[in-house]
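Let's take a walk through this structure together, one site at a time. Keep the view open beside you and follow along at your own pace.

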Amino acid sequence: MENQDLSQRFNQNLKDADLIALYRLMVLTREFEMRVCKIYTQTTIPETPHLCVGQEAIGVGSCYGLRKDDFVLPSLRGRSVFLAKGVPPSVLMAGVFGKATGPSKGKYTAHHMGDLEKGILAGSLLIGSQFPTAVGAGLAFKLKKTDQVCLCYFGDGASNRGDFHEGLNLAAIQKLPVIFICENNLYALYTPVEKAIAVKDIASRAQGYGMPGITIDGNDVLTVYQTVQEAVARARRGDGPSLIECKTYRLRPHCERFQENRPPEELAYWWDKCPIKRFKAHLFDQGVLNEETHHRIEAEVAEEMNRAVQFAEESPYPDAAELCEDVYADGVIRGGRLCAS
Ligand SMILES: Cc1ncc(C[n+]2csc(CCOP(=O)(O)OP(=O)(O)O)c2C)c(N)n1
Ligand SMILES: [Mg+2]
C-alpha cells in the first residue's frame, strides 16, 4: 500500500485540529509508557510493563474516528487504546500502581482491565483470549440491530492461536461488525515472525475466511486511521468483518523484566521509523505544526503526566473488604444459569 497517497487523501478529510489531536495522543502515550518504565525501576508496582513504545500509531489511529458507543478489546500491549478511547492518564496511572482509583479498582493492572463506560472490554494476559469476546460483542450488536462496531487487537504471535481462526470464521460467516487489528511487531517474545508464520503477510489469512485483509504501515497514523475508517464503514453497513495487519516494531524489550537481544542495527533502523518522529516531520512539512506548538504540546503532556503520577501515588489501595466486589455478575445461579436475583 502506498502510504503517501493515503496520507494525502486523509489530509483532505481532516482538519488541522484533528492532526494535532492525533499527534498529541501519540506523544501522551509515549510519555506515559516512558514514565511507567522509569517507575518500574524505581519503585514496586504490581505490573510488569509490556510497553507499546513504537506502536503508538495503531491504537491512536484506529480509535480516533470511533463513536463513543463503539467497543474495543485491547491486547496486552494496549495502553494507546485506553488513552485514545478517553481514559484519563491519571486513572490509567492509578491502575499501574494497583490503586483503588484505577480502572479495575486495584484488582488487576494493565492486562486485565476494561472500562465499559468508555467502550473498553477487559482483555486478558492470555494471548488470543480477545477473539471470542470480540466476536461475542459483534454478535450482540448484530442481534440488537445497532450499528456499533468492535475493534479486536492482537499480536502476530496471537494470530497462531486457534481462537484467531475460530473467531475470524464465525465473524465472517455471521457478517459481524468486528475489525481484527493485528499489531505485527515482527516478534512474539524472542521468536521472529518468519520462524512462526509461513505466509509473508498475516492479512493474507483473511482470504481463507472470506473477508477482506489488508497489510498496512502500522507506523503511519494516517494510514491506520484511513484504513480502519473504511473497515468501520463496511462493518456499520452490515457487510461484515475485516482483518487489518499493521506492520510495526516494539522499541522496548518484550516486557521490562526481559533482556533485549535483537540486533542493535535492527533497533536503530526502527527508531528511525518511529511513528511519532515521522508524523512530527510530516506535520512540520505541511505547516500544521511549528516549534512553538510542538513545545507547548510537550510541556502540556509532561505536566499532565506529573499530575497523573501524583494522583496515582496519593490514591489509596483498595480495601480488603472490597475483594469480591465487581468480580461476580449480579444475580444467582439456578440450574447452571445466571438469573436475576
Ligand atoms: C495463551 C498464552 N500462551 C503463552 C503466553 C505467554 N506469552 C505472553 S506474550 C507472548 C507473545 C505474544 O506475542 P504477540 O502476540 O506477537 O504479541 P506482542 O507481545 O508481540 O505484542 C507469549 C507467548 C500467554 N500470555 N498466553
Ligand atoms: Mg508480536
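**Around the two ligands**

The largest pocket is the space taken by ligand 1. Please keep in mind that this is a predicted model. Around ligand 1 there are 15 residues, and those that come nearest are Arg77, Leu125, Gly157, Ala158 and Asn185.

Now zoom in on the polar contacts. A polar backbone atom of Leu125 is 2.8 Å from a nitrogen atom of ligand 1. Ile127 also takes part through its backbone, with an N or O atom 3.1 Å from a nitrogen atom of the ligand. Asp156 uses its side chain instead: one of its polar atoms lies 3.0 Å from an oxygen atom of ligand 1. How much of ligand 1 does the protein bury? Taken alone, the ligand exposes 580 Å², and the protein buries 77% of that.

Asp156 is a good bridge to the next site, the magnesium ion (ligand 2). Which residues coordinate this ion? They are Asp156 through OD, Asn185 through OD1 and Tyr187 through O, at 2.1 to 2.2 Å. Along the sequence, these donor residues follow the spacing D-x28-N-x1-Y. The pair Asp156 and Asn185 links distant parts of the chain, being 29 residues apart. If you trace the chain, you will find Asp156 in the loop between β2 (150-155) and α7 (162-173), while Asn185 is in the loop between β3 (178-184) and β4 (187-188).

Are these two donors buried or exposed? Buried means under 20% relative accessible area, so Asp156, at 2%, counts as buried. Asn185 is at 5% and therefore counts as buried too. Recall that Asn185 is also one of the residues that come nearest to ligand 1.

Stay in the loop between β3 and β4 for a moment, where Leu186 lies. The phi angle of Leu186 is near 75°, a positive value in a residue other than glycine.

Another positive phi turns up at Lys175, near 50°, again in a residue other than glycine. Lys175 is found in the loop between α7 and β3. Its relative accessible area is 47%, so Lys175 is partly exposed.

Leu176 is found in the loop between α7 and β3 as well. With a relative accessibility of 1%, Leu176 counts as buried. To finish, look across from Leu176 to Tyr317: the two are 141 residues apart in sequence, and their C-alpha atoms are 40 Å apart in space.

Key:
Residues numbered from 1 in each chain as written. Chains lettered and ligands numbered in written order. Predicted model: local features only at pLDDT ≥ 70, side-chain atom pairs only at ≥ 80, totals over all residues. Heavy atoms only, no water. Donors = N, O, S within 2.8 Å, 3.2 Å for Na, K, Ca; no water. Helix = DSSP H or I, 4+ residues; strand = E, 2+ residues; numbered from the N terminus. Buried < 20%, exposed > 50% of the residue type's maximum accessible area, 1.4 Å probe, protein only. Near = heavy atom within 4 Å. Polar contact = N/O pair within 3.5 Å; in protein donor to acceptor, adjacent residues only side chain to side chain. Areas by Shrake-Rupley, 256 points an atom, 1.4 Å probe, with all protein chains shown as cover. 1 Å grid on protein atoms, 1.4 Å probe; cavity = no way out; pocket = protein on both sides within 12 Å on 5 of 7 lines; lining within 4 Å. Sits in = over half its atoms within 2 Å of the grid points.
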